[in-house]
Structures are given as structure tokens and as C-alpha cells.
Amino acid sequence: MKIEQIDPQTIKVILTQTDMDSFDITYDDMDYKDPHTKQVILELLRQIKQEITVDFNNGKLFIEAFPYLNGGCVLYICTIALENEKAEPSASVSRRTGFNTPLVFEFDDINLLTDTCTRLLQQYSHIILRSALYLYENKYRLLIYSYFKLDNKIISLVKEYGTYIGKGTIQSSIVREHAKLLVENNAIEIVSQYLD
């Protein structure tokens, strides 16, 4: 198990297949209404508190779970102060939907794409959940699903090499419908490994 503090309110936890086996749970079994899942989460919170100084009692707790390599799981655990939630109701909504909304970038040639993927892998692999690559009108479109609170860092880096098309389901739907899929998962890793 790897525990990483992203910011004062957010913790990233990577659970390997071995970790999942020790908790006797799979990603598909996870259901926050299930008593066993709740026990697993409580045990994880206890272990996180032993490694990192964090106050999970200072607001509402949001947990996002994503499948990880070979049967593992990635959890993002975020506390939102209750007063902030009342003042900014849209913030809690974006926290629940941000992970499923990709950033869309366009590159004129393969060299720019390769340079970008290499830098993203070196600097921001810990906040990129998944990526896909498409060919659209003789240009490359890269979709990046990231930990949304740090999207600006990714956008800033990628704009040095390519064009930021936008974020959201409309932009990504256009790409999926009209572009040719080249790499469905782990596009950044694959481009870096095989084309660099």
C-alpha cells in the first residue's frame, strides 16, 4: 500500500492486488453501503492517520475509487469543510464528477506528443488516472483523466507542446465519435515507452 498526501485535504492511496487480497475485497465488490466495504475504509483511514497527519473529522469525507493495475485500486480521499460546502455548493459537485471529465489536447506531430508524454510521466504520473490517444484530422488528440484539483498544472505543461482543446464530456464525445482510436488505456506510458 502506498499513501501519498496530494494537498492538506486530499490523500491518494494505491492498493495492490496483494493489499486488496489482505482486505478480502475487490474493486468490483466495493460498495459504500456494504458493511465490509465500510470496515475496509475505516481500517484504511486508521492506517493513513498513522503515517500522515490529517484530520478526517474536519468536514465531509468524499472517497473516489478507481481500478488499478492487476486487480489493485486507487483511492482519493478528500475532506471538505462543512462551511465551504455551504458557501460553494458547486465545489462538492465538481469533486464528485471531476475524475470522469477528461482534458483534451491536440498535437500537430508525433514528436511533440512524445515529448509531452515523457514530461507528463516524469512530473505528473501520480495525478493522472488514465489516458487515451486518438487520431483526428491528421493530428493527435490526447485525453487525460486526472486528479482535477491539479488540472492547471497539467494544462500549463502540455500547452508548451500542444493545444488545449478543452475539458468535458462534449469535447471528449466529439473525439470518441469522429476520431480513430489509437491507444485506449495508458496512452501516456505507451507513447513514452515505445516512441521516445
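**A five-stranded sheet, talked through**

Modeller: Let's start with two neighbours: S5 and S8 pair in the antiparallel sense, over four bridges. Keep in mind that this is a predicted model.

Biologist: Okay, so which residue in S8 is the bridge partner of Val104?

Modeller: S5 pairs with S8 in the antiparallel sense. In that pairing, the S8 residue that partners Val104 is Gly166.

Biologist: And on the S7 side, what is the bridge partner of Val104?

Modeller: S5 and S7 are also antiparallel, with five bridges between them. Over in S7, Val104 has as its bridge partner Leu143.

Biologist: What is the strand order in the whole open sheet?

Modeller: There are five strands, paired antiparallel. The edges, each pairing on one side only, are S8 (163-167) and S9 (180-183). From one strand to the next, the twist averages 30°. Reading across, the order is S8-S5-S7-S6-S9.

Biologist: At the S9 end, which residue does Leu135 stand opposite?

Modeller: Strand S6 (residues 128-136) runs antiparallel to S9, and three bridges join them. Opposite Leu135, in S9, stands Lys180.

Biologist: Which strands does helix H8 touch?

Modeller: Two helices come up here. Helix H7 (residues 169-178) packs on the sheet and touches S5, S6, S7, S8 and S9, with its direction at about 135° to that of S7. Helix H8 (residues 187-195) packs on the sheet too, its direction making about 70° with that of S6. The strands H8 touches are S6, S7 and S9.

Biologist: Back to S5: how many of its residues are buried?

Modeller: Side chains in a regular strand alternate between the two faces of the sheet. In S5, Leu103, Phe105 and Phe107 point one way, while Val104 and Glu106 point the other way, and all are buried. So S5 is mostly covered, and the buried count is five of five.

Biologist: Is Tyr164 buried or partly exposed?

Modeller: Buried means under 20% relative accessible area, and exposed means over 50%. Phe105 has 0%, so that residue counts as buried. Tyr164 has 29%, which makes it partly exposed.

Biologist: Those two form the aromatic pair, right? What are the centre distance and plane angle, and is the pair stacked or tilted?

Modeller: Yes, the structure holds one aromatic pair. The ring centres of Phe105 and Tyr164 are 5.4 Å apart with the planes at 45°, so the pair is tilted. Phe105 in strand S5 and Tyr164 in strand S8 sit 59 residues apart in the chain. In short: 5.4 Å, 45°, tilted.

Biologist: One last thing: which residue lies over the face of Tyr145?

Modeller: The distance to the ring centre of Tyr145 is 3.8 Å. The residue lying over that face is Arg130.

How values were computed:
Residues numbered from 1 in each chain as written. Predicted model: local features only at pLDDT ≥ 70, side-chain atom pairs only at ≥ 80, totals over all residues. Heavy atoms only, no water. Pairing = 2+ DSSP bridges. Axes fitted to C-alpha atoms, helices over the stretch in contact; angles between N-to-C directions. Contact = heavy atoms within 4.5 Å. Buried < 20%, exposed > 50% of the residue type's maximum accessible area, 1.4 Å probe, protein only. Phe/Tyr/Trp six-rings, centres within 6.5 Å; stacked < 30°, edge-to-face > 60°. Lys NZ or Arg CZ within 6 Å of the ring centre and 35° of its normal.
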